[in-house]
Amino acid sequence: MFVDSHCHLGSPELAGRIAEIRQAMREARVDRALCICTTLDEFALVHALAVENEGFWCSAGVHPDEEDSREPTVEGLVELTRLDKVVAIGETGLDYYRLAGRDVADMEWQRERFRVHIRAARACRKPLVIHTRSASADTLRLLRDEQGGDAGGVFHCFTETAEVARAALDLGFHISFSGILTFRNAAELREVAAFVPLDRCLIETDSPYLAPMPLRGKVNTPANVPLVAAKLAEIKAVAVEQIAAATAANFERLFLSSVPRDSTNS
Ligand SMILES: [Zn+2]
Ligand SMILES: [Zn+2]
């Protein structure tokens, strides 16, 4: 069985299609998914998805691209993680891709928001789900400054260099690969995937975005995560079943080890 470690089932494209998505997941042997929160206003929706559906969990956090969103506090985030099936802090991190005419120096609001998430993750001992785009040096620097390695977590939808992967691994983080791994122009990323040890790899869809080949451009769902697994299996020259088992075990260790056994199916 496969696990999708990062999807946006609260997105407008997917939120109304949960029954259909779950049926497709069953047919594709995808039994678990982590529903990612991007704003405090969205939290109630992703949390309800996690509570109402076996095999779904959720995170609590505010995405770095959500500039005009309500700002989280350390206490507020910690409070949300006390609720059932909330297993991570994020997604959080830094995104300097769309500066809209500003300078990196102007993005202190993002860095401050990221620090709040790291402090919350350390306080509640939940892993961080990290988004980094065009900002890897600052992302690593803040994680070091704030001892983010104490919380651990995952660099999701990884598109950075092997050097950045090495630094993230050294800090104790996992690396998650998305459908980008299947794209024709992603040869460099496939080399990174070859290098990351299998016991630190996760797989994800980042639904509704980034549908893997041959579905590129379509609306993505967690049912497509086996296509990412198949590509990772090809890169690592192992059976896809081995990728499924290893990434599921990594997911359990990272996100579910602090969850009591009897509540994982609630
Ligand atoms: Zn992201
Ligand atoms: Zn995401």
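Colleague: Is C157 buried or exposed?

Modeller: Residues fall into three classes: buried means under 20% relative accessible area, exposed over 50%, and partly exposed in between, with a 1.4 Å probe and protein chains only. C157 has a relative accessible area of 12%, so this residue is buried. Please note that this is a predicted model, in which local features need pLDDT of at least 70 and side-chain atom pairs count only at pLDDT 80 or more, while totals for chains, interfaces and linings use all residues. Residues are numbered from 1 along each chain as its sequence is written, chains are lettered from A and ligands numbered from 1 in the order in which they are written, and side-chain values use heavy atoms, with hydrogens and water left out.

Colleague: How many disulfides does the structure hold?

Modeller: A disulfide is a pair of cysteine sulfur atoms within 2.5 Å. The structure holds zero disulfides. For C124, the nearest cysteine sulfur is that of C58, 12 Å away. C124 counts as buried, at 17% relative accessibility. For C157, the nearest cysteine sulfur belongs to C7, at 13 Å.

Colleague: Which residues are the protein donors of the zinc ion (ligand 1)?

Modeller: Donors are N, O and S atoms within 2.8 Å of the metal (3.2 Å for Na, K and Ca); water is not among the atoms, so sites may look incomplete. Here the protein donors are E91 (OE), H131 (ND1) and H156 (NE2), lying 2.0 to 2.2 Å from the ion. Along the chain, their spacing is E-x39-H-x24-H. E91 coordinates both this ion and the zinc ion (ligand 2), the two ions being 3.4 Å apart.

Colleague: Where do E91 and H156 lie in the fold?

Modeller: Helices (H or I, at least four residues) and strands (E, at least two) are DSSP runs, numbered from the N terminus. E91 belongs to strand β4 (residues 86–95) and H156 to the loop between β6 (153–155) and α6 (162–170), so the pair ties together parts that are 65 residues apart in sequence. Both E91 and H156 are buried.

Colleague: How should aromatic pairs be read, and how many are there?

Modeller: A pair of aromatic rings is described by the distance of the centres and the angle of the planes. Rings of Phe, Tyr and Trp (its six-membered ring) pair if their centres lie within 6.5 Å; planes under 30 degrees apart count as stacked, over 60 as edge-to-face and the rest as tilted. By this rule the structure has five aromatic pairs. F155 and F173 have ring centres 5.5 Å apart and planes at 80°, so they are edge-to-face. This pair joins strand β6, which holds F155, to F173 in the loop between α6 and β7 (174–177), 18 residues apart. F158 and F177 are also edge-to-face, with 6.5 Å between centres and 75° between planes. Ring pairs link F155, F158, F173 and F177 into a cluster.

Colleague: Which residues touch the most other members of the largest nonpolar core?

Modeller: In soluble globular proteins, nonpolar side chains tend to be buried together. A nonpolar core is a set of buried Ala, Val, Leu, Ile, Met, Phe, Trp, Tyr and Cys residues joined through side-chain atoms within 4.5 Å. Of the 75 residues in the largest core, those touching the most other members are L9, L128, L143, F155, F158, I175 and F177. Helix α4 (residues 108–124) gives the largest share of this core, six residues. Apart from it lies another core of 14 residues, including I36, V87, L202 and F251.
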